[in-house]
Amino acid sequence: MDDKEQIAKLYHDMYAAMAAKDEAELKRVHDESFVLIHMTGMHQSRQEYIGAIMDGTLNYYSEQTDSLNIDIKDDTAVMTGHSRVAAAVFGGGRHTWRLALKFDVKKTDDGWKLTKAQASTW
């Protein structure tokens with residue numbers, strides 16, 4: 001698998017782990033330095049983000065990828081995914097969101113890791 005395929009797999013593995021509430025897999029794909037910037041501007045560290053998935057503050061049910069763009073430069077990459085995500089977050093009802101996530105990704109000794117994500121709608 002080449003770097004682009006590995007990074008694309010990371011995107012899909014992340015969504016599968018979110019839906020399954022698979023803490024070990026979430027920790028594998030997200031670097032320890034990971035930060036999520038929500039649409040509201042709220043920042044969550046890796047620990048806070050994974051904790052919110054595990055405690056049900058963030059509930060993800062399914063994801064359908066509409067597009068995935070990956071630009072690699074050396075040991076870093078920018079990946080932007082547009083997906084339709086079924087979720088119920090922060091006490092709201094279940095809804096399908098047209099979610100865009102722009103990721104910073106880095107290559108580590110353990111493979112590619114997500115280091116930052118910024119969420120918006122499209």
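The exercises below work through a predicted model, each with a solution in steps.

Residues are numbered from 1 along each chain as its sequence is written, and side-chain values use heavy atoms, with hydrogens and water left out. In this predicted model, local features need pLDDT of at least 70 and side-chain atom pairs count only at pLDDT 80 or more, while totals for chains, interfaces and linings use all residues.

**Exercise 1. The core**

Task: State how many residues the largest nonpolar core has, and which elements give two or more residues to it.

Solution.
- Step 1. A nonpolar core is a set of buried Ala, Val, Leu, Ile, Met, Phe, Trp, Tyr and Cys residues joined through side-chain atoms within 4.5 Å. Buried means under 20% relative accessible area, exposed means over 50%, and partly exposed lies in between (1.4 Å probe, protein chains only).
- Step 2. The largest such core has 31 residues, and those with the most contacts inside it are Y49, L101, F103, V105 and L114.
- Step 3. Two or more residues each come from α1 (3-20), α2 (23-29), β1 (30-37), α3 (46-54), β3 (58-73), β4 (76-89), β5 (95-108) and β6 (111-121). Helices (H or I, at least four residues) and strands (E, at least two) are DSSP runs, numbered from the N terminus.
- Step 4. The largest share, eight residues, is that of α1.
- Step 5. Take L101 as a case: not counting residues up to four places away in sequence, L101 touches M14, Y15, L36, M79, T80, G81, A117, Q118 and A119. Contact here means heavy atoms within 4.5 Å.

**Exercise 2. N59 and K21**

Task: Find where N59 and K21 are placed, and say whether each is buried, partly exposed or exposed.

Solution.
- Step 1. N59 belongs to strand β3, and K21 to the loop between α1 and α2.
- Step 2. N59 counts as buried because its relative accessible area is 17%. K21 has 29% relative accessibility and so counts as partly exposed.
- Step 3. The side chains of N59 and K21 make a polar contact (3.0 Å). Such a contact is a pair of N or O atoms within 3.5 Å; within protein, one must be able to donate a hydrogen and the other to accept it, and residues adjacent in sequence count only if both atoms are side-chain atoms.
- Step 4. Phi of K21 is positive, near 55 degrees, and K21 is not a glycine. Most residues other than glycine have a negative phi.

**Exercise 3. D31**

Task: Name the side chain with which the side chain of D31 makes a polar contact.

Solution.
- Step 1. D31 is in strand β1 and is buried because its relative accessibility is 13%.
- Step 2. The partner is the side chain of S33, at 2.5 Å.
- Step 3. Beyond four places in sequence, the contacts of D31 are R46, K106, T108, K113, L114 and T115.

**Exercise 4. The largest pocket**

Task: Describe the space in the largest pocket and its lining.

Solution.
- Step 1. The largest pocket holds about 310 Å³ of space.
- Step 2. Its lining has 19 residues, and H38, M39, Y60, V89 and L99 are the closest to the centre.
- Step 3. Two or more lining residues each come from α1, β3, β4 and β5.
- Step 4. On a 1 Å grid over the protein atoms alone, a pocket is an open set of points where a 1.4 Å probe fits, with protein on both sides within 12 Å along at least five of seven lines; lining residues have an atom within 4 Å of a point.

Definitions and conventions. Grid points are joined across faces, edges and corners, and a volume is the space filled by probe spheres set on the points.
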